[in-house]
Amino acid sequence: MASETPASEASEATEASEATDTSEATDASDWHFTSDVDEFLDHAQDFLDSRPDLHTVHLTVTRQLRHSGPSAYGDQPPFLGYLTRSDGSVGAALLHTPPYALRTTRLTAGETEALASRLLAVGHPVSGFAAERATAEAFVAAWERRTGTPGKLHDLERLYRLDELTVPAPVPEGRARVAGPADRELLIRWYGGFVADAGLPGGRDGGDWADFRFSYGGITLWETPDGTPVSMAGVTPTVGGQARVAPVYTPRELRGRGYAGAVTAEVSRVALAQGVGEVLLFTDLANPTSNALYQRIGYRQVADWAVYDFGERA
C-alpha cells in the first residue's frame, strides 16, 4: 500500500543526511512563520524545487492549499515556515496541516534545536512530527529535553523513485480505467478504508478528496472483465516536475491477486507518458509485501522517513 503522505540513490541520501546532521546553524539563521501559502511560496518555492523528490509532500500539499483554500486538510489554518540563512537564502521549510503531523525538510542539528525553541516560543502545538529519519529523531530528542514530552514512533516510511518501469507478471485479467463521478461513493468508501488501514488522522473529507481527484483524472481503477472495480491507485498533480503515486488501495478480501501491482504500474506508465520527471511513492516499511512489489515494478529507494506522535508529558 502506497502512503499518501514525504534525485539521489539511497546511499547518496544517507551520506548527505549524515554530513548535515552534525553541522550547526549560524546565529543569523531564523525561522519565519505564516499561514499564507502564497507568502510562504514566494520565499520557499525555489528551495522546494531544488529537490522535488525530497520535498514532494511540501510541493503537493501547498498546491492543494492553493487550489482548495486553507481548510483543504481540516478546520485549522495551515502553519507554514521557512528558514533563512545568513546569506538570505532559504535552507529549510516546514508545513503543518492539523490534524496531520508537522513535517519539515532535512535539518542540521543546530537547525533542529533552533526549530524546537522557536515553536515553543511562539506557542505552536506539536502533536506529531515527520521528516527524514535522522531529522525526526533529532527533533524528538530536542522536544523531549525542552518539554518532557516523549515521542512515540508511529511508523517508518520509505520514499521510492521510479527508475525503469517493469509491469509485474502475470497481469491479472481485466483492465485499467480512470475513475469518474459515477464512482464517487465507491471512492469515498475506499478512501476511508485506506485511511483506517494506514492509521492516518481523519481530517480530510472523503467526498472533497474524491471530487478533487476527479478534477484532473487523479484516480485509476482496476476492474475485472465484467466491469467490477477491485483496486485503485491515485497520483498527485504534477508540481516541480514530480508526481507521487498515492493512495494505492485494494479491499482486504481482494488482496493477493495482483490487482494493486497492475493498477500501480498503469498509473506510473501514464505519468511517464505525460512527461513527469520524477514519479515517486511512499511505503510503510512495516509492510514487506508492498515494498517488494514496488521494487519489482521498478521503484528504487531514495530515503527513509519517520513519523512520531507526542504523548503525555513525562
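At what angle do helix α8 (residues 259-273) and helix α9 (residues 288-297) pack? Select both: they pack at an angle of about 40 degrees, and their axes are 10 Å apart. Angles from 35 up to 65 degrees count as oblique, so α8 is oblique to α9. The crossing of these two helices is right-handed. To see the contact, show Ala260, Gly261, Thr264 and Ala265 on α8, with Leu293, Tyr294 and Ile297 on α9. By class, the residues of this contact are 5 nonpolar and 2 polar, with no charged residue. The model on screen is a predicted one.

**Helices α2 and α3**

Next, select helix α2 (residues 37-50) together with helix α3 (residues 56-68). The axes of α2 and α3 come within 11 Å and cross at roughly 155 degrees. An angle over 145 degrees counts as roughly antiparallel, so that is how α2 runs relative to α3. The crossing in which α2 passes α3 is left-handed. On the α2 side, the contact is made by Val37, Asp38, Phe40, Leu41, Gln45, Leu48 and Asp49. On the α3 side, display His58, Leu59, Thr62, Leu65 and Arg66. This contact of α2 with α3 is made up of 6 nonpolar, 3 polar and 3 charged residues.

**Two residues of α3**

Stay on α3 and pick Thr60, which is part of this helix. Is Thr60 buried or exposed? Its relative accessible area is 8%, and the cut-off for buried is under 20%, so Thr60 is buried. Draw a distance from the side chain of Thr60 to the side chain of Arg244: the two make a polar contact at 3.2 Å. Leaving out residues up to four places away in sequence, Thr60 touches Tyr73, Thr236, Pro237, Val239, Gln242 and Arg244.

Gln64 is also found in helix α3. With a relative accessible area of 5%, Gln64 is buried. Which residues does Gln64 touch, not counting those up to four places away in sequence? They are Gly69, Ala72, Tyr73, Arg204 and Phe212.

**Helix α7**

Phe212, touched by Gln64, leads to the next selection, since it is one of the buried residues of α7. Select helix α7 (residues 206-214), where 7 of the 9 residues are buried. The helix is therefore largely enclosed by the rest of the structure. The buried residues to colour are Gly206, Gly207, Trp209, Ala210, Phe212, Arg213 and Phe214. What covers the buried residues of α7? The cover includes helix α3, α6 (184-198), β9 (219-223), β10 (229-235) and β11 (242-249). Zoom in on the start of α7: there a side-chain oxygen of Asp205 reaches to within 3.0 Å of the backbone nitrogen of Gly207.

**Thr105 and Ala303**

Go to Thr105, in the loop between β5 (102-104) and α4 (109-122). Thr105 is buried, with a relative accessible area of 3%. Apart from its neighbours within four places in sequence, Thr105 is in contact with Phe47, Leu48, His55, His58, Ala92, Ala93 and Thr135. Two of these names, Leu48 and His58, appeared earlier in the contact of α2 with α3. Now add Ala130: Thr105 and Ala130 are 25 residues apart in sequence and 9.1 Å apart in space, C-alpha to C-alpha.

For a pair with another separation in sequence, select Ala303 and Arg133. Ala303 lies in strand β13 (residues 299-310) and counts as buried at 5% relative accessibility. How many residues separate Ala303 and Arg133 in sequence? They are 170 residues apart in sequence and 8.3 Å apart in space, C-alpha to C-alpha.

**Two cis peptide bonds**

Most peptide bonds are trans. The last two selections are cis. Pro98 and Pro99 are joined by a cis peptide bond, with omega about 15 degrees. Pro99 is in the loop between β4 (90-96) and β5. Another cis peptide bond joins Ala246 and Pro247, where omega is about -10 degrees. Pro247 has its place in strand β11, one of the elements that cover the buried residues of α7.

Methods
Residues numbered from 1 in each chain as written. Predicted model: local features only at pLDDT ≥ 70, side-chain atom pairs only at ≥ 80, totals over all residues. Heavy atoms only, no water. Helix = DSSP H or I, 4+ residues; strand = E, 2+ residues; numbered from the N terminus. Buried < 20%, exposed > 50% of the residue type's maximum accessible area, 1.4 Å probe, protein only. Polar contact = N/O pair within 3.5 Å; in protein donor to acceptor, adjacent residues only side chain to side chain. Contact = heavy atoms within 4.5 Å. Axes fitted to C-alpha atoms, helices over the stretch in contact; angles between N-to-C directions. Parallel < 35°, antiparallel > 145°, perpendicular 65-115°, else oblique. Left-handed = near helix turned anticlockwise from the far one by under 90°. Nonpolar A, V, L, I, M, F, W, Y, C, P; charged D, E, K, R; others polar.
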